[in-house]
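Reader: Got a minute to go through this one with me? I'd like to start with the contacts and then hop around a bit.

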Amino acid sequence: MCVCVCVCVCVQSGPASLPAEDISTNSNGPKQDSLFDDDPEDLFAEATEEVSLDSPERDVLLSDGPSPAITPITPPTSVITPRIGLAHDDMFTHSSFDEIEEEEGGDSFDIHIAVSDPEKVGDGMNAYMAYKVTTKTSLSLFKTDEFSVKRRFSDFLGLHSKLASKYLHIGYIVPPAPEKSIVGMTKVKVGKEDQSSNEFVEKRRSALERYLMRTVKHPILLKDPDVLQFLESSELPRAVSTQALSSAGLLRMVNKAADAVNKMTIKMNESDAWFEEKQQHFENLDVQLRKLHASVESLVCHRKELSVNTAQFAKSAAMLGNSEDHTALSRALSQLAEVEEKIDQLHQDQANADFYLFSELLGDYVRLITAVKGVFDHRMKTWQKWQDSQLLLQKKREAEAKLQFTNKPDKLQQAKDEIKELEGKVQQGERDFEQISKTIRKEVSRFEKERVKDFKTIIIKYLESLVQTQQQLIKYWEAFLPEAKAIS
Amino acid sequence: PSPRAVNVDLQTDATLQVDISDALSERDKVKFTVHTKSTLPNFKQNEFSVVRQHEEFIWLHDSFVENEDYAGYIIPPAPPRPDFDASREKLQKLGEGEGSMTKEEFTKMKQELEAEYLAIFKKTVAMHEVFLCRVAAHPVLRKDLNFHVFLEYNQDLSVRGKNKKEKLEDFFKNVVKITPDVDDFFEHEKTFLLEYHNRVKDASAKSDRMIRSHKNAADDINRIASSLYSLGTQDSTDVCKFFLKVSELFEKTRKIEARVAADEDLKLADLLKYYLRESQAAKDLLYRRSRSLVDYENANKALDKARAKNRDVLQAETSQQLCCHKFEKISESAKQELIDFKTRRVAAFRKNLVELAELELKHAKVKGLVTVRSR
């Protein structure tokens, strides 16, 4: 009969009748078996479990601690800031965008931007948060190695708006700026110094940092004068009409473009197979990522709930321990309360990791994919423009042919001039279309690489946080066990 | 020593062994097969089984409570009513939503809900069995005639639900009189039990909430694993292989989290729930003793009055002696019962807390071992 906890009762999946084997009874309370053991492989039976990213021949990291190559998570009191890691695999060279290849080596991509020290400036509804933007770099593009400026949120939006207007329509995936939030900012302005407004500021700070890093990782955007000015110059003209291209605005623009596209009948020729495939791919990715994002957000929510409920239980257990008149049991219950309190903090930290590492990353990518879709739609528009020019040219040629038979020399000349102009336009249209197609191919390839790197980096960090949590849990329960055993 | 688990008071001797050997869940009721092995001469056979439903357990419990002879004992608390409503509702919702999810998702959710259903089912069986075993282990209650009828009579015991008057009496029973007791022991026990019962109630509720959150988090991890799996099956590039591996990891994590929640449920929540009910039963015992004390005091007063008027003295004397005897008998057995209660309680908490800690450790270690080798 079951005395030791290591024996598990095997459960058949039919709910109607109970298996015939013994269920131990215990008049002191419910039975002691673990109810869940429906998978044939008991995880505990296997000494190790290896999930290898590469080939299975790689060594198993068996230790209880994280691998030495990976830096430990910062202590619970501060929020884990996800640094989108510097590209040690060198992908970006200084050469012009025509030569962006996947070669490793060349100039190292060495720029790191930190957004820090949020500071409230002003009072009342005109108040705003100023952030310190510090750039550390060895690139010759910049005047010095390290410098910082003060920026406010609308400055970031202004930067994005400029970049979007310059680059989106020729096929560059411009990273979207963080979302505006009226509710969040109002709380901050009104001066509510509470947990949620602090969280809001931290969330925004983190998002701004990620935004800048993504922007400068783009070899073309990095060199843009607006970007350089943003990073370097101490004074920046106040950006107005920043409604122009917030994420929501971008989405609306994309939707309008999409509508326009739908109204056209588009004939897909051979060379477009890649684009068709990619578009479908991004549609799928969009759906999947949104779903994943929603699940992770739900996890964050429930983990926070778990933290709160654990804290409440800890208090309740302490009270129970107080009223228990058996000394050893009373002490053990108090210890249990302490353990649970510590665990509550663990849950809180884990929820933060869930959020800052995982959930925000997914949110960023959902927005990025919107930008990607926008770029594809721009290509459509470019194609359409080219087609329209061609059609117009054809009409003009037909008109010219007709004019040949009339005796209107000046009208004929005019027609010839117009045709010449249109021929130029058609050629330009074709060039534009080819250019944007080429750019998009490169951009998509870069995007996919970045995506893989980002996800890998973040997920590994996230897994480390999980491992850390487990280690702490082990410590706490190991400390508690002798207390429980000491009850006599 | 018996081969069964070491318990504090379960002297499972061969004279009377009771267990629930089978159970069947039908639409709105559960049928338990109560199996008895006994060498007592009271029974016609040495081994036999009957089928009982929840209401019949309640009938047996209530018959103990209402029996004056048992006023001095902690009556083993009645098992809670089997409640599959929530689980059934979930299964139904799943059935309705079948069209809106993939086959894998549906199968997965169905398996989980079935596991949940099974867990609730096993728990309710355990609760009913514990009740019977406590009765069988009690030196006096095991000899009760109703108990034997319950075990042996293979027809339906036509039992009626409590009527309004009885329910009202139950309600008032929960109010324990706050008059200081002559006996220090009982005075202390009264104060202790009142406070303890309330705190256990609170702890039980909070532990339930905590475990519920834990289960919710595990469900989320499940969904995340599914999403990652979908991402991973889009094509066979490195990215997708990566997602598949991570999905596997999350799936394993989810299983462990679910087990942690289940173990917490079993070792902590159920323990607290059980002692909530037992402490209530102990309170009921104290109440009965108080009532008999009041009867005794009233009988004393009546005797004084009778002596003063010199009328019906003998009758008053007999009545007073009866009350005195009853009170003393209850007090004596109550004292022992309450001491046993404490012993049982301490042992149960010790056992469950140790097991809880061991299980938590086991799970945390397993989770830690599932590692990812990074590039």
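Reader: Which share of the contacts in chain A between residues at least 6 apart in sequence join residues at least 24 apart?

Author: That share is 75% in chain A. Keep in mind that this is a predicted model.

Reader: OK, and what's the figure for chain B?

Author: For chain B, 72% of the contacts between residues at least 6 apart in sequence join residues at least 24 apart.

Reader: What is the secondary structure of chain A made of?

Author: Chain A has nine helices and four strands. Reading from the N terminus, the order is β-β-β-β-α-α-α-α-α-α-α-α-α. Of the 488 residues in chain A, 50% are buried.

Reader: And how do the elements of chain B run?

Author: From the N terminus they go β-β-β-α-α-α-α-α-α-α-α-β, which comes to eight helices and four strands. Buried residues account for 53% of the 375 in chain B.

Reader: Let's talk about the inside. How many residues are in the largest nonpolar core?

Author: It has 85 residues, and the ones with the most contacts inside it are L212(A), L231(A), L289(A) and F250(B). Helix 8 of chain A, residues 327-404, gives the largest share of this core, with 16 residues.

Reader: What does L289(A) touch, leaving out residues up to four places away in sequence?

Author: In chain A, L289(A) touches L362(A), Y365(A), V366(A), I369(A) and F455(A), and from chain B there is L231(B).

Reader: Which residues does the second core include?

Author: The second core is separate and has 52 residues, among them L320(A), L193(B), L268(B) and Y275(B).

Reader: Switching to a charged one: where is E443(A), and is E443(A) buried or exposed?

Author: E443(A) sits in helix 9 of chain A, residues 409-485. It counts as buried because its relative accessible area is 5%, and the cut-off for buried is under 20%.

Reader: So what does the side chain of E443(A) reach?

Author: The side chain of E443(A) reaches the backbone nitrogen of I173(A) at 2.7 Å. Not counting residues up to four places away in sequence, E443(A) touches G171(A), Y172(A), I173(A) and H218(A).

Reader: New topic, helix packing. At what angle do helix 1 and helix 3 of chain B pack?

Author: Helix 1 (residues 54-66) and helix 3 (residues 103-137) of chain B pack at about 35°, and their axes are 11 Å apart. The crossing of helix 1 of chain B past helix 3 of chain B is left-handed.

Reader: Which residues meet there?

Author: From helix 1 of chain B you have H54(B), F57(B), L60(B), H61(B) and F64(B), and they meet H128(B), F131(B), L132(B) and V135(B) in helix 3 of chain B. By class, that contact has six nonpolar, three polar and no charged residues.

Reader: Last thing, backbone. What's the phi of D117(A)?

Author: Phi of D117(A) is near 50°, which is positive in a residue other than glycine. Most residues other than glycine have a negative phi. D117(A) is in strand 2 of chain A, residues 111-121, and is partly exposed at a relative accessible area of 42%.

Reader: And what about the phi of N310(B)?

Author: N310(B) has a positive phi of about 55°, and it is not a glycine either. You'll find N310(B) in the loop between helix 7 (238-309) and helix 8 (313-369) of chain B. N310(B) counts as exposed because its relative accessibility is 63%, and exposed starts over 50%.

Conventions
Residues are numbered from 1 along each chain as its sequence is written. Chains are lettered from A and ligands numbered from 1 in the order in which they are written. This is a predicted model: local features need pLDDT of at least 70, side-chain atom pairs count only at pLDDT 80 or more; totals for chains, interfaces and linings use all residues. Side-chain values use heavy atoms; hydrogens and water are left out. A nonpolar core is a set of buried Ala, Val, Leu, Ile, Met, Phe, Trp, Tyr and Cys residues joined through side-chain atoms within 4.5 Å. Buried means under 20% relative accessible area, exposed over 50%, partly exposed in between (1.4 Å probe, protein chains only). Helices (H or I, at least four residues) and strands (E, at least two) are DSSP runs, numbered from the N terminus. Contact means heavy atoms within 4.5 Å. A polar contact is a pair of N or O atoms within 3.5 Å; within protein, one must be able to donate a hydrogen and the other to accept it, and residues adjacent in sequence count only if both atoms are side-chain atoms. Axes are lines fitted to C-alpha atoms, for helices over the stretch in contact, and angles run from 0 to 180 degrees between N-to-C directions. A crossing is left-handed if the near helix is turned anticlockwise from the far one by less than a right angle, and right-handed if clockwise. Ala, Val, Leu, Ile, Met, Phe, Trp, Tyr, Cys and Pro count as nonpolar, Asp, Glu, Lys and Arg as charged, and the others, Gly among them, as polar.
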